[in-house]
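Colleague: I'm new to this one, so could you walk me through it? Let's do it as questions and answers.

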Amino acid sequence: TERALIARREKVLGPAYRLFYEKPLHLVRGEGVFLYDVAGEKYLDAYNNVASLGHCHPRVVEAITKQTAILNTHTRYLHEGIVDYAETLTATFPEALSQAMFTCTGSEANDLAVRIARHVTGGTGIIATELAYHGLTSAVAEFSPSLGESVTLGPHVRTVPAPDSYRHSPEEVMEKFGRDVSAAIADLKRHGIKPAMLITDTIFSSDGIFAGPKGFLKPAVDAIHQAGGLFIADEVQPGFGRTGETMWGFERHGVSPDMVTIGKPMGNGYPMAGIVLRPEVIAEFGPRARYFNTFGGNPIAAAAGKAVLDTIRIEGLQQNALEVGRYLMDGLRNLSHPAIGDVRGSGLFIGVEIIDDPATKRPDSALTTRIVNGLRDRRILISASGPNANILKIRPPLVFSRENADMLLDALGDVLKTA
Ligand code: PMP
């Protein structure tokens, strides 16, 4: 039946829809940190940052179910839910970031951010990192080089290397990123292109899960501001308490974004995303500041989003991410295996760089694939990331416990013995 379902899927969805694993997982149910396949096998989810509160969290299920039965409509009628939610959301940000706009996906949020940045600055130039992924719309794909050959970077786009804290010293990273961004700004100007924005993840994801050193973003943000552009922090992955230390990744760097784009865990699976921004930015949009999104910020989304923020607070999930994240990172380092070149990250956003030789730090993509598959055989789900797909990506729901971390560590220890 599995093979038949895959064949049906391929026929009707086409080749662009890739599945994880050679032997794909056929999931039927999720609860907490566990996912269940069609045969009733139970998997520990150490990858999913959407179901950040755990799969099918009862508080979110209840909020969505209740609101679905009462009212759903778009944002051109007055409804209280969106105001309640926007107030609760912006209260988690520094005071300057006091307004919110809602979309359904992170891609739309970044797309809207570009449009606003261009209107406000009068520029078109965009600076992003070399392997960034910011989304799928045509405008955003132009500065999402991780999409590879399927996109052409726009002529107004410049990319800079993400800060590689494994191959450069903290001092070098601190200085290099700002210098690279300044050089990109200078190059745009040389080509007569006015810079509109710098956009970065605040823990780099597809670039290789680089989280530090803290503060390295500051010189780059200063440079784009001096050039008249805006800084957009893409918090689609690190946001909502995942870093453990702070609610938002940019706060770890002491920088003030002009816009922050958010998504993924925002509705714990209910599709919602948005921008939190400085009121001055949108004010400059002036009479042109029209925005409508049929589904974005509807009463069900607002109810789901509110339940997510309440749960993060009530269950102390940011603190849990900090504590379990530290425990897990210590455990990963203590595995002391020569193939583990680096363990990095913050909170429950962790990268483990797999190499074939500590002296050369050469990436070992083949071993990484064997580890990911070996863990799957032991019913644990993670993924791989980075330019050479040699970085284990560990990004579990924030309710991950020490016991769950031990399950992962034991299994990884086992797999490393034989892989
Ligand atoms: N930004 C980042 C950093 C992301 O990881 C993603 C999704 N992987 C997006 C934006 C786009 O979000 P969505 O898939 O909801 O459009």
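What follows is a chat about the ligand shell, a small sheet, two unusual backbone spots and one helix.

Colleague: Before we start, what kind of model is this?
Modeller: Residues are numbered from 1 along each chain as its sequence is written. Local features need pLDDT of at least 70, side-chain atom pairs count only at pLDDT 80 or more, totals for chains, interfaces and linings use all residues, and the model is predicted.

Colleague: Which helix gives the most to the shell around the ligand?
Modeller: The ligand is surrounded by 15 residues, with Thr105, Gly106, Ser107, Gly135 and Val236 the closest. A residue counts as near if its C-beta atom, placed from the backbone, lies within 6 Å of the molecule. Helices here are DSSP runs of H or I with at least four residues, strands are E runs of at least two, and both are numbered from the N terminus. With three residues in the shell, the top contributor is helix H4 (residues 106-121).

Colleague: How many residues of the shell around the ligand are polar?
Modeller: Ala, Val, Leu, Ile, Met, Phe, Trp, Tyr, Cys and Pro count as nonpolar, Asp, Glu, Lys and Arg as charged, and the others, Gly among them, as polar. By that split, the shell has four nonpolar and two charged residues, and the polar ones number nine.

Colleague: Which strands stand at the edges of the open sheet of four strands?
Modeller: Two strands pair if DSSP finds at least two bridges between them. The sheet is open, with mixed pairing, and runs in the order E1-E2-E3-E14. One side of each edge strand is left without a neighbour in the sheet, because each has a single partner strand; these are E1 (27-31) and E14.

Colleague: In E3, what is the bridge partner of Phe34?
Modeller: Strands E2 (residues 34-37) and E3 (residues 42-45) pair in the antiparallel sense over three bridges. They form a hairpin with four residues between them, and Gly40 in the turn has a positive phi of about 90°. Across in E3, Phe34 is matched with Leu44.

Colleague: And in E14, what is the bridge partner of Asp45?
Modeller: E3 also runs parallel to strand E14 (residues 380-381), joined by two bridges. There, the partner of Asp45 is Leu381.

Colleague: Where is the place of Pro213?
Modeller: The peptide bond from Gly212 to Pro213 is cis, with omega near 0°. Pro213 sits in the loop between strand E7 (195-201) and helix H7 (217-226).

Colleague: Is Phe240 buried or exposed?
Modeller: Phe240 has a positive phi near 65°, although it isn't glycine, and lies in the loop between strands E8 (230-234) and E9 (259-262). A residue is buried if 20 or more other C-beta atoms lie within 10 Å of its own, exposed if 12 or fewer, and partly exposed in between, with C-beta atoms placed from the backbone. Phe240 has 29 other C-beta atoms within 10 Å, so it is buried.

Colleague: Which exposed residues does the face of H12 turned away from its buried side carry?
Modeller: In helix H12, the buried residues are Asn404, Ala405, Leu408, Ala411 and Leu412. They cover an arc of only 135° around the axis, so they are on the same side of H12; the arc is that of the directions from the helix axis to the C-beta atoms. The face turned away carries Glu403, Lys417 and Thr418.
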